[in-house]
Amino acid sequence: MPVIEVTNLHKRYGDVVAVDDVSFTVEAGEIFGVLGPNGAGKTTTVECVAGLRVPDGGEVSVLGLDPRRDTAALRERVGVQLQESQLPDRLQVAEALELFASFYRRPADPARLIEELGLGEKRNTPYKKLSGGQKQRLSIALALVGNPEITILDELTTGLDPQARRVTWELIERIRDRGVTIILVTHFMAEAERLCDRLAVIDRGRVVAVDSPAGLVRRVAPTQRVRFRPSAEVDDRLFTDLPEVTAVERTGGQLVVSGSGDVLHAVASVLARHQIVAADLRLEQSTLDDAFVELTGRRITE
Amino acid sequence: MRGFGQLLRIETRLYLRDIATVVTTVGLPTLVLVVLGLIPALRRPDPTFDGQTFVSYFAPSLLVVTLAVAGLNVLPTMLATYRERGVLRRLATTPASPAALLAAQLVITLAAIVASAVLLVVVGRLAFGVPLPRHPLGFTVAFVLGTAALLALGLLVAAVARTAKVAQALMAPLFLLIMFFGGVYLPRFLLPDFLVRVGDYTPPGVQALLDSWTGTPPRPLHLVIMAVVAVLAGAGAAKLFRWE
């Protein structure tokens, strides 16, 4: 059963169209990704879902509520972690959680949440003295302290080092295991691939595709690349004549043969016939990154 | 305004943690009073000041310092910082109201102003023989209206300034003018008559404070001007205020 339904959402700021036409549904208990380059309209979309912005067109339904009218009920049941939102410098970790807990009717236990998010040793540390990763974890804790049914996490790991990012990912999986539905806004492919059950690819204010990460990869032409260093001179035509092969490139001493179907077997047969040894041989398959380029015609730039 | 009580409690704690601000807002005017009061010549009655001492004559200008620092510096900077850093927006995602935070800040500012004024009046009375305000009702009305006018101006600046830096840049000239016309930089008896008259009508209305302190009822026009400034600036602030 869907807990969030967005239909033909449209939002503009003056003459600038932030969200042109976005539709998707989110099922209970899943991690749903909203993936797209900066400025694609991801944040505006989830802000409309959270009831922080009023759409100019379309319908949004969250837990059967209208974010425009049922704001108070929505605030109780949806936890939001905003991009680039900070706390007062002198506010301590435990104070922040206790304060936010006091706003809700049925809050989680702040002390337990602090332990769960690994902030136990920092409970009396002022916000200013926390590291980037600790600030993010506190921000997640604040989004969870109201015991929400849905949590919206916007660009959660931007600016974190790889180690802190991995810790945060594990945390999100644990939250999902508690039965919380999660909307994850991101422009990191690896993050989307690792965490999301399904994701909507958004580009220029429109949904380009909604599918599982594997489903998105399957959609694009199933290109494979065989990359190796030949032991002797080879003529490109040996490969281009093969029906499976679509392109041959040379980079330095490396040969990259692209194609579909059983490219690897075809290439290996040719090499064996000519008694050429392939050093550093690697088979590269399409990734979510390739799928994204295929779907939007461009690469996400970080 | 859900969350007001808890926000007031936490914000008060945060305010008290910022010792520099507390000392400046609450203690600075009294500190200046003490320094001046230690000079014997300034404690002698003088015909220039209708037979009062200079310290008594200058005390209302020290109240202007309190109001200008608390209302035109600390409050708008705090609110602009909260908006700039997304604290108000963060609050908007919870059942608590960002307006509750605004209200908590106002209450704390008012408390600091009252504490500062009481400290000034009490220390002046006990240490340097500055009489208590002789027209208490008039003094209270003048003080309340002057405070309202300055806080409204501060909120107006906080409403239009996107960042703390902008708030401070907008505030600086206003702060200097208010302090100057309040007779803080140069005692008013040294100013040309024209500037003194302008100062009478400049918030928070130092002449009305002086009149009521020395026993004359404040002139209605002075009070009306302060009320008008408070209402206009307050309405403008309410209209222009942005949570983000």
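The following exchange concerns a predicted model with chains A and B.

Biologist: Which residues of chain B does UniProt place under "transmembrane region"?
Modeller: The annotation comes from an unreviewed UniProt entry. That entry gives the feature at residues 20-42, 54-79, 100-127, 139-159, 166-186 and 221-241 of chain B.

Biologist: How far apart are the end C-alpha atoms of residues 139-159 of chain B?
Modeller: In the model, this span is 100% helix and 0% strand. For residues 221-241 of chain B, the figures are 95% helix and 0% strand, with end C-alpha atoms 30 Å apart. For residues 139-159, the end C-alpha atoms are separated by 30 Å.

Biologist: Which elements of chain A give two or more residues to the side that touches chain B?
Modeller: The contact takes 20 residues from chain A and 17 residues from chain B. By class, the chain A side has 12 nonpolar, three polar and five charged residues. The elements giving two or more residues to that side are α2 (71-77) and α3 (93-101) of chain A.

Biologist: Are α3(A) and α5(A) roughly parallel or antiparallel?
Modeller: Helix α5 of chain A covers residues 132-144, and its axis lies 9 Å from that of α3(A), at an angle of about 20°. Angles under 35 degrees count as roughly parallel. The two helices, α3(A) and α5(A), are therefore roughly parallel.

Biologist: What classes of residue form the contact of α3(A) with α5(A)?
Modeller: The two helices pass in a right-handed crossing. From α3(A) come A:V93, A:A96, A:L97 and A:F100, and from α5(A) come A:L138, A:A141 and A:L142. By class, no residue of this contact is polar or charged, and seven are nonpolar.

Notes
Residues are numbered from 1 along each chain as its sequence is written. Chains are lettered from A and ligands numbered from 1 in the order in which they are written. This is a predicted model: local features need pLDDT of at least 70, side-chain atom pairs count only at pLDDT 80 or more; totals for chains, interfaces and linings use all residues. UniProt positions are given in the numbering used here, feature names are shortened, and annotations may be inferred rather than shown by experiment. Helices (H or I, at least four residues) and strands (E, at least two) are DSSP runs, numbered from the N terminus. Two residues are in contact if their C-beta atoms, placed from the backbone, lie within 7 Å. Ala, Val, Leu, Ile, Met, Phe, Trp, Tyr, Cys and Pro count as nonpolar, Asp, Glu, Lys and Arg as charged, and the others, Gly among them, as polar. Axes are lines fitted to C-alpha atoms, for helices over the stretch in contact, and angles run from 0 to 180 degrees between N-to-C directions. Angles under 35 degrees count as roughly parallel, over 145 as roughly antiparallel, 65 to 115 as roughly perpendicular and the rest as oblique. A crossing is left-handed if the near helix is turned anticlockwise from the far one by less than a right angle, and right-handed if clockwise.
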